[in-house]
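Me: I should like to learn how to read the strands and helices of a model such as this one. Where should one begin?

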Amino acid sequence: MRMVGAGNFQRVFGDTKPVIAMVHFGALPGAPLYDSAAGLDGLLDGARRDLQALQAAGFDAVMFGNENDRPYEFKVDTASTATMAYLIGRLRSEITVPFGVNVLWDPASSVALAAATGAAFIREIMTGTYASDMGPWNPDAGEAMRYRNRLGRQDLAMLYNISAEFAWSLDRRDLADRARSAVFSSIPDAILVSGTITGEAAAMSDLEAVKRVLPHTPVLANTGVKHETVGDVLRVADGCIVGSSLKVDGYTWNAVDPERAAEFMRLARAARKG
């Protein structure tokens, strides 16, 4: 039996276990770390270099995110979403793989950006209640999905991160129960399992527990997948999202290292064949 909604995931990624690579924009206008001297051209140049390196390495898809817009917000500045749309629009003709978007931590802005740019999928926290670095966190999957449909993007794959980074769930159920419940109540296209912050791995026991209760729903590792662990991860998960491990020295805020990226995909392909 295939769960409701999983068809969008299969439509985008087929039957393979996709490896999705992050294109992290530099801090955007309005964010405290924005480099006004480099400006939009600097943001575009950095994103273009990373995109080219990731596509050359053979990743199955890429995802554009505003990871460096720290401190994070639940309702992002309109300028952030507009700037991401501008940058993706400038790169659109160069993108040769399916792409997704993630406007942290704002589901509505992620949906709007996807609609504006033609993205195939989004990633976001959609369910649950959390105590977080940003304060109380109460996402609304129903609102986000209805907004998606109002914008005519029923085909947009919705990837739900059910273990929020920078936060602690106030739900006393274990992670597997929360994941199973979210699939029933909120019809995601895939479930993502994360570590505690960006670049930190999800526990293999968490991946295994969630996949065990969701055999018919795509379950992906969302953070902290490394060269030495991608084989183990892909033996359990239905794919993964990777960012920090592909950067120079494995550091989140550095540029993509073409050699690290190519080696990661070599290892991922070997794991999928095995």
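Reply: One may begin with burial: a residue is buried if its relative accessible area is under 20%. Please keep in mind that this is a predicted model.

Me: How many residues of strand β2 are buried?

Reply: In β2 (residues 61-65), 5 of the 5 residues are buried, so the strand is largely enclosed by the rest of the structure.

Me: How should the two sides of such a strand be read?

Reply: In a regular strand, side chains alternate between the two faces of the sheet. Here both faces of β2 are covered: Ala 61, Met 63 and Gly 65 are buried on one side, and Val 62 and Phe 64 on the other.

Me: Which residue of β2 is the bridge partner of Ile 20?

Reply: The partner of Ile 20 is Ala 61. Strand β1 (residues 19-24) pairs with β2 in the parallel sense over 5 bridges. Between these strands the chain passes through helix α2 (residues 39-57), in a right-handed β-α-β crossover.

Me: What stands opposite Val 62 in β3?

Reply: Phe 99 occupies that position. Strand β3 (residues 99-102) runs parallel to β2, and 4 bridges join them. Together with helix α3 (residues 78-91), β2 and β3 make a right-handed β-α-β unit.

Me: How is the packing of two helices described?

Reply: It is described by the angle between their axes and the distance between the axes. For α2 and helix α9 (residues 258-273), the axes come within 8 Å and cross at roughly 30°. The contact is made by Ala 53, Leu 54 and Ala 57 of α2 with Pro 258, Ala 261, Ala 262, Met 265 and Arg 269 of α9. Its residues comprise 7 nonpolar, no polar and 1 charged.

Methods. Residues numbered from 1 in each chain as written. Predicted model: local features only at pLDDT ≥ 70, side-chain atom pairs only at ≥ 80, totals over all residues. Heavy atoms only, no water. Buried < 20%, exposed > 50% of the residue type's maximum accessible area, 1.4 Å probe, protein only. Helix = DSSP H or I, 4+ residues; strand = E, 2+ residues; numbered from the N terminus. Pairing = 2+ DSSP bridges. Right-handed = clockwise from strand over helix to strand, strands pointing away. Axes fitted to C-alpha atoms, helices over the stretch in contact; angles between N-to-C directions. Contact = heavy atoms within 4.5 Å. Nonpolar A, V, L, I, M, F, W, Y, C, P; charged D, E, K, R; others polar.
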